[in-house]
Amino acid sequence: MMAPGEVQYATPSAARSKAAVIFMIASRLVLGAIFLYAAYVKLKAPWQLFAMSIDSYQVLPLGMAEMAAHVIPWLELALGLLLIVGIGLRISGTITALILGTFFALMLRAYFKGMQIDCGCFGPGETISWKTLLRDGSMVADAVAMTWLAFLQKR
Amino acid sequence: MKLCALLLTAALICLGQSMTADTSKCFGNPNAAVRLDVFSDFECPACRAFHLDLLPQIERDYGPTGKIFIVSHEYPLNIPAHKFSHEVANYATACARIGKYDAVANSLFQNQPTWYSEGPKPGQFWEYIAAVLNPAEQKRVQALAKDPSVIAEVNNDVSLGTRLNVNSTPTLILSHGSQRYSLPWPVSYSLFKSMVDGMK
(Lines give C-alpha, C1' and ligand atoms only; values in the text may rest on other atoms or scores of the structure.)
Protein backbone atom coordinates (compact mmCIF):
# COMPACT_ATOMS: atom_id res chain seq x y z
CA MET A 1 0.00 0.00 0.00
CA MET A 2 1.49 3.32 -1.04
CA ALA A 3 1.24 6.41 1.06
CA PRO A 4 -0.45 9.44 -0.59
CA GLY A 5 2.06 11.40 -2.66
CA GLU A 6 4.51 8.54 -2.81
CA VAL A 7 5.95 7.90 -6.25
CA GLN A 8 6.35 4.35 -7.43
CA TYR A 9 9.46 3.79 -9.48
CA ALA A 10 9.62 0.96 -11.95
CA THR A 11 12.40 -1.51 -11.35
CA PRO A 12 15.12 -1.43 -14.06
CA SER A 13 14.03 -4.78 -15.49
CA ALA A 14 10.35 -3.73 -15.60
CA ALA A 15 11.31 -0.50 -17.35
CA ARG A 16 13.41 -2.43 -19.83
CA SER A 17 10.57 -4.82 -20.47
CA LYS A 18 8.16 -1.93 -21.04
CA ALA A 19 10.62 -0.29 -23.45
CA ALA A 20 10.97 -3.58 -25.31
CA VAL A 21 7.19 -3.89 -25.66
CA ILE A 22 6.91 -0.31 -26.95
CA PHE A 23 9.79 -0.93 -29.37
CA MET A 24 8.16 -4.10 -30.66
CA ILE A 25 4.77 -2.45 -31.16
CA ALA A 26 6.34 0.54 -32.94
CA SER A 27 8.53 -1.72 -35.09
CA ARG A 28 5.76 -4.00 -36.22
CA LEU A 29 3.46 -1.07 -37.00
CA VAL A 30 6.15 0.77 -38.97
CA LEU A 31 7.38 -2.31 -40.82
CA GLY A 32 3.80 -3.47 -41.40
CA ALA A 33 2.85 -0.11 -42.90
CA ILE A 34 5.96 -0.11 -45.10
CA PHE A 35 5.17 -3.62 -46.36
CA LEU A 36 1.55 -2.70 -47.06
CA TYR A 37 2.64 0.38 -49.00
CA ALA A 38 5.25 -1.60 -50.95
CA ALA A 39 2.62 -4.21 -51.83
CA TYR A 40 0.06 -1.56 -52.82
CA VAL A 41 2.51 0.23 -55.16
CA LYS A 42 3.42 -3.03 -56.88
CA LEU A 43 -0.09 -4.45 -57.13
CA LYS A 44 -1.64 -1.32 -58.62
CA ALA A 45 0.93 -1.22 -61.46
CA PRO A 46 1.30 -3.82 -64.23
CA TRP A 47 3.28 -6.78 -62.84
CA GLN A 48 5.81 -6.48 -65.66
CA LEU A 49 7.22 -3.30 -64.08
CA PHE A 50 8.27 -5.16 -60.93
CA ALA A 51 9.51 -8.07 -63.07
CA MET A 52 11.74 -5.58 -64.94
CA SER A 53 13.10 -4.32 -61.62
CA ILE A 54 13.87 -7.88 -60.45
CA ASP A 55 15.37 -8.75 -63.84
CA SER A 56 17.66 -5.72 -63.69
CA TYR A 57 19.47 -7.24 -60.66
CA GLN A 58 20.62 -10.05 -62.99
CA VAL A 59 20.42 -12.79 -60.36
CA LEU A 60 17.38 -14.75 -61.57
CA PRO A 61 16.51 -16.14 -64.99
CA LEU A 62 13.68 -14.20 -66.62
CA GLY A 63 11.07 -16.90 -65.93
CA MET A 64 11.86 -16.87 -62.21
CA ALA A 65 11.90 -13.06 -62.15
CA GLU A 66 8.40 -13.14 -63.61
CA MET A 67 7.26 -15.63 -60.97
CA ALA A 68 8.83 -13.58 -58.18
CA ALA A 69 7.06 -10.46 -59.52
CA HIS A 70 3.74 -12.26 -59.10
CA VAL A 71 4.49 -13.71 -55.64
CA ILE A 72 6.44 -11.03 -53.74
CA PRO A 73 3.75 -8.30 -53.66
CA TRP A 74 1.19 -10.74 -52.16
CA LEU A 75 3.78 -11.95 -49.66
CA GLU A 76 4.46 -8.33 -48.69
CA LEU A 77 0.73 -7.74 -48.30
CA ALA A 78 0.31 -10.80 -46.05
CA LEU A 79 3.35 -9.89 -43.95
CA GLY A 80 2.19 -6.29 -43.65
CA LEU A 81 -1.18 -7.42 -42.33
CA LEU A 82 0.34 -9.99 -39.94
CA LEU A 83 2.78 -7.42 -38.54
CA ILE A 84 0.09 -4.81 -38.01
CA VAL A 85 -2.29 -7.27 -36.38
CA GLY A 86 0.59 -8.71 -34.36
CA ILE A 87 -0.35 -12.37 -34.72
CA GLY A 88 2.44 -14.97 -34.93
CA LEU A 89 5.12 -12.34 -34.51
CA ARG A 90 7.93 -14.89 -34.16
CA ILE A 91 7.15 -16.41 -37.55
CA SER A 92 6.14 -13.22 -39.37
CA GLY A 93 9.14 -11.39 -37.85
CA THR A 94 11.53 -14.12 -38.96
CA ILE A 95 10.16 -14.12 -42.52
CA THR A 96 10.26 -10.31 -42.58
CA ALA A 97 13.88 -10.25 -41.42
CA LEU A 98 14.86 -12.91 -43.96
CA ILE A 99 13.12 -11.15 -46.84
CA LEU A 100 14.52 -7.74 -45.93
CA GLY A 101 17.97 -9.27 -45.43
CA THR A 102 17.81 -10.86 -48.89
CA PHE A 103 16.68 -7.60 -50.53
CA PHE A 104 19.41 -5.70 -48.70
CA ALA A 105 22.12 -8.18 -49.74
CA LEU A 106 21.00 -7.93 -53.38
CA MET A 107 21.02 -4.14 -53.21
CA LEU A 108 24.52 -4.15 -51.68
CA ARG A 109 25.72 -6.49 -54.43
CA ALA A 110 24.29 -4.23 -57.14
CA TYR A 111 25.70 -1.08 -55.52
CA PHE A 112 29.23 -2.46 -55.15
CA LYS A 113 29.15 -3.88 -58.67
CA GLY A 114 28.40 -0.36 -59.88
CA MET A 115 25.04 -1.37 -61.37
CA GLN A 116 22.99 1.79 -61.78
CA ILE A 117 19.62 0.14 -61.40
CA ASP A 118 16.35 0.85 -59.68
CA CYS A 119 15.93 -0.49 -56.17
CA GLY A 120 12.42 -1.68 -57.09
CA CYS A 121 11.40 -1.34 -53.44
CA PHE A 122 8.45 0.98 -53.97
CA GLY A 123 8.03 0.89 -57.75
CA PRO A 124 10.41 2.23 -60.39
CA GLY A 125 12.22 5.55 -60.29
CA GLU A 126 14.45 5.07 -57.25
CA THR A 127 18.06 4.27 -58.16
CA ILE A 128 20.09 2.30 -55.61
CA SER A 129 22.20 4.75 -53.63
CA TRP A 130 23.71 5.03 -50.16
CA LYS A 131 20.37 6.57 -49.09
CA THR A 132 18.33 3.54 -50.17
CA LEU A 133 20.96 1.26 -48.59
CA LEU A 134 20.78 3.19 -45.32
CA ARG A 135 16.99 3.01 -45.33
CA ASP A 136 16.82 -0.69 -46.11
CA GLY A 137 19.71 -1.48 -43.75
CA SER A 138 17.78 0.22 -40.94
CA MET A 139 14.73 -1.83 -41.79
CA VAL A 140 16.75 -5.05 -41.63
CA ALA A 141 18.19 -4.06 -38.22
CA ASP A 142 14.71 -3.15 -36.99
CA ALA A 143 13.21 -6.45 -38.19
CA VAL A 144 16.04 -8.48 -36.61
CA ALA A 145 15.72 -6.64 -33.27
CA MET A 146 11.93 -6.99 -33.28
CA THR A 147 12.12 -10.72 -34.03
CA TRP A 148 14.80 -11.27 -31.40
CA LEU A 149 12.62 -9.54 -28.77
CA ALA A 150 9.62 -11.59 -29.90
CA PHE A 151 11.58 -14.78 -29.18
CA LEU A 152 12.72 -13.45 -25.79
CA GLN A 153 9.16 -12.70 -24.72
CA LYS A 154 7.36 -15.27 -22.63
CA ARG A 155 4.47 -16.94 -24.42
CA MET B 1 -10.15 14.17 -50.57
CA LYS B 2 -12.21 15.33 -53.57
CA LEU B 3 -10.05 18.43 -53.81
CA CYS B 4 -6.91 16.28 -53.81
CA ALA B 5 -8.32 14.12 -56.60
CA LEU B 6 -9.24 17.21 -58.63
CA LEU B 7 -5.80 18.76 -58.13
CA LEU B 8 -4.10 15.49 -59.08
CA THR B 9 -6.23 15.17 -62.22
CA ALA B 10 -5.49 18.78 -63.18
CA ALA B 11 -1.76 18.23 -62.63
CA LEU B 12 -1.79 15.11 -64.82
CA ILE B 13 -3.69 16.91 -67.57
CA CYS B 14 -1.22 19.83 -67.44
CA LEU B 15 1.71 17.43 -67.58
CA GLY B 16 0.14 15.59 -70.49
CA GLN B 17 -0.34 18.81 -72.41
CA SER B 18 3.23 19.87 -71.70
CA MET B 19 4.60 16.63 -73.14
CA THR B 20 4.33 18.02 -76.62
CA ALA B 21 6.35 16.32 -79.29
CA ASP B 22 8.75 17.62 -81.89
CA THR B 23 7.27 15.62 -84.78
CA SER B 24 10.67 15.09 -86.35
CA LYS B 25 11.76 13.17 -83.25
CA CYS B 26 8.69 10.92 -83.24
CA PHE B 27 7.85 7.51 -84.54
CA GLY B 28 4.45 6.02 -85.19
CA ASN B 29 0.87 7.10 -85.00
CA PRO B 30 0.27 10.17 -82.77
CA ASN B 31 -3.16 8.75 -81.89
CA ALA B 32 -1.75 5.40 -80.79
CA ALA B 33 -3.12 3.86 -77.59
CA VAL B 34 0.34 3.71 -76.03
CA ARG B 35 2.97 6.44 -75.92
CA LEU B 36 6.62 5.97 -75.08
CA ASP B 37 8.62 9.04 -74.10
CA VAL B 38 12.36 8.41 -74.21
CA PHE B 39 14.78 10.70 -72.39
CA SER B 40 18.32 10.00 -73.50
CA ASP B 41 21.84 11.34 -73.68
CA PHE B 42 24.07 10.71 -76.70
CA GLU B 43 27.09 10.04 -74.48
CA CYS B 44 25.34 7.46 -72.30
CA PRO B 45 26.24 3.80 -73.08
CA ALA B 46 22.86 2.52 -71.82
CA CYS B 47 21.12 4.93 -74.21
CA ARG B 48 23.23 3.45 -76.97
CA ALA B 49 22.02 -0.01 -75.96
CA PHE B 50 18.41 1.19 -75.99
CA HIS B 51 18.79 2.90 -79.34
CA LEU B 52 20.62 0.09 -81.10
CA ASP B 53 19.02 -2.98 -79.48
CA LEU B 54 15.59 -2.25 -77.99
CA LEU B 55 14.26 0.54 -80.20
CA PRO B 56 14.58 -1.41 -83.48
CA GLN B 57 12.61 -4.29 -81.92
CA ILE B 58 9.85 -1.94 -80.78
CA GLU B 59 9.70 -0.26 -84.17
CA ARG B 60 9.69 -3.62 -85.97
CA ASP B 61 6.85 -5.09 -83.86
CA TYR B 62 4.70 -2.03 -83.33
CA GLY B 63 5.46 0.09 -86.39
CA PRO B 64 3.02 -1.80 -88.64
CA THR B 65 0.29 -2.03 -85.97
CA GLY B 66 0.47 1.64 -85.00
CA LYS B 67 0.01 0.76 -81.35
CA ILE B 68 2.91 2.84 -80.03
CA PHE B 69 3.84 6.45 -80.54
CA ILE B 70 7.50 7.03 -79.61
CA VAL B 71 8.81 10.48 -78.73
CA SER B 72 12.53 11.12 -78.25
CA HIS B 73 13.61 13.83 -75.80
CA GLU B 74 17.10 15.15 -75.20
CA TYR B 75 18.32 14.77 -71.63
CA PRO B 76 22.05 15.58 -71.68
CA LEU B 77 23.41 14.72 -68.25
CA ASN B 78 25.32 17.49 -66.58
CA ILE B 79 28.27 15.39 -65.41
CA PRO B 80 32.03 15.73 -66.05
CA ALA B 81 32.19 12.38 -67.88
CA HIS B 82 29.71 13.69 -70.48
CA LYS B 83 31.50 16.80 -71.73
CA PHE B 84 29.84 16.92 -75.15
CA SER B 85 26.32 15.74 -74.33
CA HIS B 86 24.67 19.13 -74.45
CA GLU B 87 26.42 20.21 -77.65
CA VAL B 88 25.58 16.94 -79.38
CA ALA B 89 21.95 17.27 -78.27
CA ASN B 90 21.86 20.71 -79.93
CA TYR B 91 23.29 19.29 -83.15
CA ALA B 92 20.87 16.35 -83.12
CA THR B 93 17.96 18.71 -82.58
CA ALA B 94 19.24 20.85 -85.45
CA CYS B 95 19.23 17.70 -87.60
CA ALA B 96 15.65 17.03 -86.52
CA ARG B 97 14.73 20.42 -88.02
CA ILE B 98 15.82 19.18 -91.43
CA GLY B 99 14.19 15.75 -90.98
CA LYS B 100 17.43 13.84 -90.38
CA TYR B 101 17.13 13.02 -86.67
CA ASP B 102 16.89 9.24 -87.01
CA ALA B 103 19.83 8.93 -89.39
CA VAL B 104 22.02 11.19 -87.27
CA ALA B 105 20.99 9.56 -83.97
CA ASN B 106 21.87 6.16 -85.46
CA SER B 107 25.25 7.35 -86.63
CA LEU B 108 26.04 9.06 -83.30
CA PHE B 109 25.06 6.04 -81.21
CA GLN B 110 26.82 3.57 -83.47
CA ASN B 111 30.04 5.57 -83.24
CA GLN B 112 29.64 6.65 -79.61
CA PRO B 113 32.62 4.55 -78.39
CA THR B 114 34.84 6.65 -80.67
CA TRP B 115 33.73 10.23 -80.08
CA TYR B 116 32.46 10.21 -76.49
CA SER B 117 34.39 11.97 -73.71
CA GLU B 118 36.59 8.99 -72.89
CA GLY B 119 36.84 7.60 -76.43
CA PRO B 120 39.88 7.68 -78.72
CA LYS B 121 38.55 10.75 -80.57
CA PRO B 122 36.78 12.74 -77.82
CA GLY B 123 34.42 15.43 -79.06
CA GLN B 124 34.86 14.61 -82.73
CA PHE B 125 31.19 13.85 -83.20
CA TRP B 126 30.74 16.17 -86.17
CA GLU B 127 32.29 13.71 -88.63
CA TYR B 128 29.60 11.15 -87.73
CA ILE B 129 26.87 13.74 -88.15
CA ALA B 130 28.34 14.98 -91.42
CA ALA B 131 28.59 11.41 -92.70
CA VAL B 132 24.81 11.20 -93.14
CA LEU B 133 24.25 14.73 -94.46
CA ASN B 134 24.96 16.30 -97.84
CA PRO B 135 27.07 19.50 -97.93
CA ALA B 136 24.02 21.79 -98.03
CA GLU B 137 22.48 20.01 -95.04
CA GLN B 138 25.77 20.18 -93.15
CA LYS B 139 25.83 23.94 -93.60
CA ARG B 140 22.23 24.28 -92.37
CA VAL B 141 22.83 22.07 -89.35
CA GLN B 142 25.99 24.01 -88.38
CA ALA B 143 23.92 27.19 -88.34
CA LEU B 144 20.86 25.67 -86.69
CA ALA B 145 22.86 24.09 -83.85
CA LYS B 146 23.62 27.60 -82.60
CA ASP B 147 20.09 28.87 -83.18
CA PRO B 148 18.46 30.05 -79.92
CA SER B 149 15.24 28.18 -80.74
CA VAL B 150 17.12 24.88 -81.06
CA ILE B 151 19.01 25.51 -77.82
CA ALA B 152 15.69 26.41 -76.17
CA GLU B 153 14.12 23.18 -77.46
CA VAL B 154 16.85 21.11 -75.82
CA ASN B 155 16.52 23.08 -72.60
CA ASN B 156 12.75 22.54 -72.68
CA ASP B 157 13.30 18.78 -72.96
CA VAL B 158 15.60 18.92 -69.94
CA SER B 159 13.05 20.95 -67.97
CA LEU B 160 10.31 18.49 -68.90
CA GLY B 161 12.48 15.58 -67.78
CA THR B 162 13.24 17.28 -64.50
CA ARG B 163 9.52 17.86 -63.92
CA LEU B 164 8.92 14.16 -64.59
CA ASN B 165 11.63 13.16 -62.08
CA VAL B 166 14.03 11.92 -64.74
CA ASN B 167 17.36 11.43 -62.95
CA SER B 168 19.14 8.96 -65.16
CA THR B 169 19.27 7.95 -68.80
CA PRO B 170 17.68 6.37 -70.60
CA THR B 171 14.40 7.03 -68.84
CA LEU B 172 11.45 5.45 -70.60
CA ILE B 173 7.98 6.66 -69.69
CA LEU B 174 5.11 4.56 -70.97
CA SER B 175 1.69 6.20 -71.04
CA HIS B 176 -1.65 4.53 -71.58
CA GLY B 177 -4.73 6.65 -71.05
CA SER B 178 -4.27 8.46 -67.77
CA GLN B 179 -1.72 5.91 -66.52
CA ARG B 180 1.97 6.75 -66.72
CA TYR B 181 4.76 4.32 -65.86
CA SER B 182 8.47 4.97 -65.62
CA LEU B 183 10.19 1.77 -66.73
CA PRO B 184 13.16 0.48 -64.74
CA TRP B 185 16.32 0.17 -66.83
CA PRO B 186 17.54 -2.19 -68.25
CA VAL B 187 14.28 -3.16 -69.91
CA SER B 188 13.74 -6.75 -70.97
CA TYR B 189 12.03 -6.64 -74.36
CA SER B 190 9.82 -9.65 -73.63
CA LEU B 191 8.48 -7.95 -70.48
CA PHE B 192 8.04 -4.68 -72.34
CA LYS B 193 6.12 -6.48 -75.08
CA SER B 194 3.99 -8.35 -72.58
CA MET B 195 3.13 -5.05 -70.86
CA VAL B 196 2.29 -3.21 -74.09
CA ASP B 197 0.30 -6.14 -75.48
CA GLY B 198 -1.78 -6.09 -72.29
CA MET B 199 -2.75 -2.46 -72.90
CA LYS B 200 -5.94 -2.31 -74.94
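Visitor: Which elements of chain B do the buried residues of α3(B) pack against?

Guide: This is a predicted model. In it, the partners of α3(B) include one strand, β3 (68-74). The others are helices of chain B: α4 (101-110), α6 (126-130), α7 (135-144) and α8 (148-163).

Visitor: Why is α3(B) called largely enclosed by the rest of the structure?

Guide: A residue counts as buried if 20 or more other C-beta atoms lie within 10 Å of its own. The buried set includes Ser85(B), Val88(B), Tyr91(B) and Cys95(B). The helix has 13 residues, and it is largely enclosed because the number buried is ten.

Visitor: How far apart are the end C-alpha atoms of helix α3 of chain B?

Guide: The helix covers residues 85-97. At 1.5 Å a residue, its 13 residues should span 18 Å. The model agrees with that, with the end C-alpha atoms at a separation of 19 Å.

Visitor: Which residue with positive phi follows α3(B)?

Guide: Look just after the helix. The phi there is near 75°. The residue is Gly99(B).

Visitor: How many helices and strands are there in chain A?

Guide: Along the sequence, chain A reads α-α-α-α-α. That pattern matches a count of five helices and zero strands.

Visitor: What is the radius of gyration of chain A, and is the chain compact or spread out?

Guide: For 155 residues the globule rule gives 15 Å. Chain A is well over that, so it is more spread out than a compact globule. Its C-alpha atoms fill a box of roughly 70 × 30 × 25 Å along the principal axes. The radius of gyration is 19 Å.

Definitions and conventions. Residues numbered from 1 in each chain as written. Chains lettered and ligands numbered in written order. Predicted model: local features only at pLDDT ≥ 70, side-chain atom pairs only at ≥ 80, totals over all residues. Helix = DSSP H or I, 4+ residues; strand = E, 2+ residues; numbered from the N terminus. Expected span 1.5 Å × (residues − 1). Buried ≥ 20, exposed ≤ 12 C-beta atoms within 10 Å, placed from the backbone. Contact = placed C-beta atoms within 7 Å. Rg over C-alpha atoms; globule rule 2.2 N^0.38 Å.
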